[in-house]
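Work through the exercises below with the model open. Each task is followed by its solution.

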Amino acid sequence: MAGKERFNMRHWLGPWVLVGLGLAACDDASSVIGGMRDSGGGDTASEAASDLGTDTTAPMDTTPPDTTVQDTTPPDTAVQDTTPMDTSGCRADMDCMGNPAGGVCDTAMGRCVGCLAERDTCPASQHCDAMTRACVAGCRADEGCREGDGGVVLDAGGPRRDRCDTMAHACVECARDEHCAPGFLCVGNVCTVGCNPARPCPSGQTCCAGACVDPLTNTAHCGVCDTRCMVTNGVAACMNGACAVGSCTPPFGDCDMMAANGCETNTTTAVAHCGRCGNRCPARANAAATCAGGACGFTCNAGFADCNGSADDGCEVNLTEDPTHCGSCSTLCNPPSGTAGCAMGRCTVRSCAEGFADCDMNATNGCEVATGSSSSHCGRCGNACPARPNAFPGCVLGSCVISCVAGFADCDGDAMNGCEVDTRTDPAHCAACNRACAVPRATAACAGSRCTVGRCDPGFADCNTMAADGCEVNTLVDENHCGRCGNACVTPGGTPVCRAGTCGISACAAGREDCDRMASNGCETDTQGDASNCGGCGSACALPRATAVCSMGRCAIGRCDVGFGDCNLMAADGCEADLNTEAAHCGGCGMRCAIANGAPACMAGRCTVASCNAGFSDCNMAPGDGCEVNLNTDGAHCGACGRSCAAGLTCQAGVCTRFPSTGAEGAFNPTGSVTLTPGVHNFTTINIPSGVTVRVSGNGVLDLRAIGDVTIAGRVDVSGGNGGNGANCVCGVGGQVGTAVAGPSGGSGSACAGGGGGLGSAGGAGGT
């Protein structure tokens, strides 16, 4: 028997104990279909059905279990009604005399009943129930509702209910219209006021729209049906069959006593009927009578007013001509410097005082103009003094004069051209006639009546705005006023200079440069800290995977890109470390991944297990303890994670085995036939080549164990002294144990190896 197999062989010398495997024999079982046996009883249902005088009960179910119940009903036979009934088979009422079921024959059914609905013979206070054919409570005729007949005779304080509603079998007030008095109809078994052609009204009333009315007084049917009385602003009435005014709604009144137009007069506003009919308001002088809120008054005619508040003399004042009440009672005409008048209700000036005139014809301000001093009306209305250049016209004692405007003067003495000189701006007459200005290094000017610099000589400027020293600054070279006043040359980070009126840079400070060649911003570049000009103009910093900065004129790393780090602290290669993938810098510089019994890896900045060493595995998937399981020895993870060895087995070389080897004897690899002593032999591997026989000496068990592979191409001879029945060996399949099975007496024992991880056992020794 050859193959690479791990195994265990045992050699038993001595008698075998035969272990019999008892196989259970299965007896055939009969399937019984059905239930209880037929008791042999008769058909009781048929017997009951034949007895019409007794109750019929359902037959007892005697069908065996699991057997379909047979239909024992005779063909075309109707289901029997089990309700007790009369079975006398009557043909006429006389056949039912004395029958307990009733004295009436139901000829259709041929049996006696208490009554029939189609010919009700019950007492008047009862009726025949069509279902039970028996007399039950509830009237069938009016007699059953009358006093002494057992019906309802009278409600407490209400109408008599002595009529029978034969449909509902109840005693009611009425069942038809003729049960009610004239002028009433039967509605819902109650007599209700009403009429129709078959039920006329009592004498003196007329049937209109189904109701009995008196046409002499009814406003909806006054005189004849459907003639409705209507009254404007009031309540209608019907008198002797004619419409009339019953009452008026305040404040209206029926002053003309004509019902056709109703209450036609509003007594709160009618002058002829003020407050009540016939109360006419009196007339007043220069006025028209009025009525308001039912009280008399009057309204003055146009142009008149009641200024004294007395109604007796009416509107006594003419507002169009009375200067004490001109246009209104409260208007008193009183023009200043004049005598008052009133015309068409407006105040007027009748005459002016001496030296005054009413030039605007406005009586309100009276004689408003003093003609002795008014330049617009000098001496008389409309005589305006003429305007002169830069001068105000004036009037003195009724004669025109001029007055110069502030800042102007009449230096030539000619009033016709007015005030011809502007002493505020004329350098020949600055502030006064004939006062001339003179200014150093400039053309003089006059401003605000003061001598000023009009225009500086080329290259000079008046920066202190003082005319006394003229244009005191040379703007071509002055660094504080370079090119113009106040334009100070400022050179940030350097020294300024002014050349030909233009600011420039004389020199830059250490660490500063004028990289943009613009003097306005000076030495704008910090070559010690500008990453675009680090150490000099145009020297830009650019570092891999980082934001570069400039420090002391040298490029440096300001901030690494996300996921990278400058772990070698060398700016030249930027942020060279990938913190997401490098195991030496996983998540941060210097954070080295270390995995027990395996190789580390870095994923997303966290240490993980890249691979495990041979024979180890990361069974808990936790990188913190690395490849924590030895698959060669761990009984819970033997050969693979989660593969647990059964009870009694241990893990050896990744295989569950009952007989582990220590490997103390090394590799067993005989090149020729050998003899081994009985007992346990611990090898690392076993290789028995073809043609080689391994024998055992003496009595006992030959137990060969190996950690590694087993290859048997030769023979293992375990025959020996007296022993039991040696026979075949059942070899174990991978992971199982091979067990010996007893063979014929005197046979030769043989050996085999178990499958991968299994145990092989040798049979017992035979007689040879």
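A disulfide is a pair of cysteine sulfur atoms within 2.5 Å. The model is predicted.

**Exercise 1.** Determine the handedness of the link between Cys619 and Cys641.

Step 1. Check the bond: the sulfur atoms of Cys619 and Cys641 are 2.0 Å apart, and a disulfide joins them.
Step 2. Read the torsion: it is -85° about the S-S bond, and the link is left-handed.
Step 3. Place the ends. Cys619 sits in the loop between strand 41 (616-617) and strand 42 (629-630). Cys641 sits in the loop between strand 42 and strand 43 (650-652), and the two are 22 residues apart.
Step 4. Classify Cys641: its relative accessibility is 40%, so Cys641 is partly exposed.

**Exercise 2.** Is Cys315 buried or exposed? Describe its disulfide with Cys300 as well.

Step 1. The sulfur atoms of Cys300 and Cys315 lie 1.8 Å apart.
Step 2. The S-S torsion is about -90°, so this disulfide is left-handed.
Step 3. Cys300 belongs to strand 16 (residues 295-300), and Cys315 to the loop between strand 17 (304-305) and strand 18 (317-318); the pair therefore ties together parts 15 residues apart in sequence.
Step 4. Cys315 has 0% relative accessibility and is buried. Cys300, at 27%, is partly exposed.

**Exercise 3.** Find how many aromatic pairs the whole structure holds, and classify what turns up.

Step 1. The search gives 1 aromatic pair.
Step 2. Phe668 and Phe683 are its members, 4.7 Å centre to centre with 20° between the planes.
Step 3. Planes under 30 degrees apart count as stacked, so the pair of Phe668 and Phe683 is stacked.
Step 4. Phe668 and Phe683 are both buried.

Note on methods
Residues are numbered from 1 along each chain as its sequence is written. This is a predicted model: local features need pLDDT of at least 70, side-chain atom pairs count only at pLDDT 80 or more; totals for chains, interfaces and linings use all residues. Side-chain values use heavy atoms; hydrogens and water are left out. Rings of Phe, Tyr and Trp (its six-membered ring) pair if their centres lie within 6.5 Å; planes under 30 degrees apart count as stacked, over 60 as edge-to-face and the rest as tilted. Buried means under 20% relative accessible area, exposed over 50%, partly exposed in between (1.4 Å probe, protein chains only). Helices (H or I, at least four residues) and strands (E, at least two) are DSSP runs, numbered from the N terminus.
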